[in-house]
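Let's read a protein model together, one feature at a time. Keep the viewer open while we talk.

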Amino acid sequence: MAYQRLQVSNAIDVIPSDTVPIPDPSSFVLRGVGDFSVAGIVTNPTSTFTTDGIQKNAIIYNYTANKAYIVTDVVNNTKLALSPSSAGGAADTYLIFNAPALAATLYVGGNGDISVEMASNRDAAINTGLNPTVFAAITAGTFMPTLVTKVLSTATTATNIKALF
């Protein structure tokens with residue numbers, strides 16, 4: 001039986017990505033400023049990635065460059081390998097989460113279309129027509145009582161998207 005989330009207790013800004021799921025805010029591990037200027041790598045000479053428990057498949061939200069990454073390898077205490085292999089800046093602010101969200105509802109702050117991976121269809125093949133789901137012409141200030149695992153960058157034009165938990 002489906003249920004509607006009427007009250008939320010946590011929210012994060014969503015960075016749309018075709019490959020990186022929405023992170024679970026309860027798995028937050030670390031905030032920092034790192035060097036993303038080499039594609040597929042983040043370094044931070046003052047970090048302690050291994051000591052802090054950063055895991056392979058952790059999610060990094062680079063809010064400065066508005067990019068999301070998956071950790072493919074914890075190289076050492078100050079360096080992580082990332083996917084997708086796209087560069088950011090030399091001093092970008094990031095957050096690291098160790099797990100994806102099981103599902104989140106969304107708030108859309110800016111007009112546009114939003115393409116999502118629905119939680120109940122996360123394992124469905126794209127060619128089945130179940131994923132992705134595109135919601136067209138969403139107006140600013142819309143609360144979307146749907147459960148999603150990803151906001152896809154392809155076909156998403158809406159802005160200021162929040163994941164609500």
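What follows is a short conversation about the fold, one strand and a few single residues.

Q: Before we start, what sort of model is this?
A: This is a predicted model, in which local features need pLDDT of at least 70 and side-chain atom pairs count only at pLDDT 80 or more, while totals for chains, interfaces and linings use all residues. Residues are numbered from 1 along each chain as its sequence is written, and side-chain values use heavy atoms, with hydrogens and water left out.

Q: How many helices and strands are there in the protein chain?
A: Helices (H or I, at least four residues) and strands (E, at least two) are DSSP runs, numbered from the N terminus. Here you get 0 helices and 12 strands.

Q: And how compact is the protein chain?
A: The usual yardstick is the radius of gyration, taken over C-alpha atoms, set against a globule rule of 2.2 Å times the number of residues to the power 0.38. For this chain the radius is 16 Å, close to the 15 Å the rule gives for 165 residues, so it is as compact as a globular protein of that length. The C-alpha trace spans about 45 × 30 × 25 Å along its principal axes.

Q: How much of the chain counts as buried?
A: Buried means under 20% relative accessible area, exposed over 50%, and partly exposed in between (1.4 Å probe, protein chains only). Of the 165 residues, 42% count as buried.

Q: What share of the contacts links residues 24 or more positions apart?
A: A contact means heavy atoms within 4.5 Å. Among contacts with a separation of 6 or more, 74% come from residues 24 or more positions apart.

Q: Let's zoom in on S4. Are the faces of that strand covered or open?
A: Both faces of S4 (residues 59–62) are covered. Ile59 and Tyr61 are buried on one side, and Ile60 and Asn62 are buried on the other.

Q: Which strands does S4 pair with?
A: Two strands pair if DSSP finds at least two bridges between them. S4 has 4 bridges to S5 (residues 67–76), running antiparallel, and 4 bridges to S7 (residues 92–97), also antiparallel. Asn62 is a handy landmark: Lys67 stands opposite it in S5, and Tyr94 stands opposite it in S7.

Q: What connects S4 and S5?
A: They form a hairpin with 4 residues between them. In that turn, Asn66 has a positive phi near 55 degrees, though it is a residue other than glycine. Asn66 counts as partly exposed, at 49% relative accessibility.

Q: Where else is phi positive, near 55 degrees, in a residue other than glycine?
A: Look at Ala137. Ala137 lies in strand S10 (residues 133–138) and counts as exposed at 60% relative accessibility.

Q: Where is the cis peptide bond?
A: It joins Ser83 and Pro84, with omega at about 0 degrees. Pro84 sits in the loop between strand S6 (79–83) and S7.

Q: One last residue: what does Gln55 touch?
A: Gln55 is in the loop between strand S3 (41–43) and S4, and it is partly exposed, with a relative accessible area of 43%. Leaving aside neighbours within four places in sequence, Gln55 is in contact with Val71, Val74 and Asn98. Its C-alpha is also 8.8 Å from that of Thr72, 17 residues apart along the chain.
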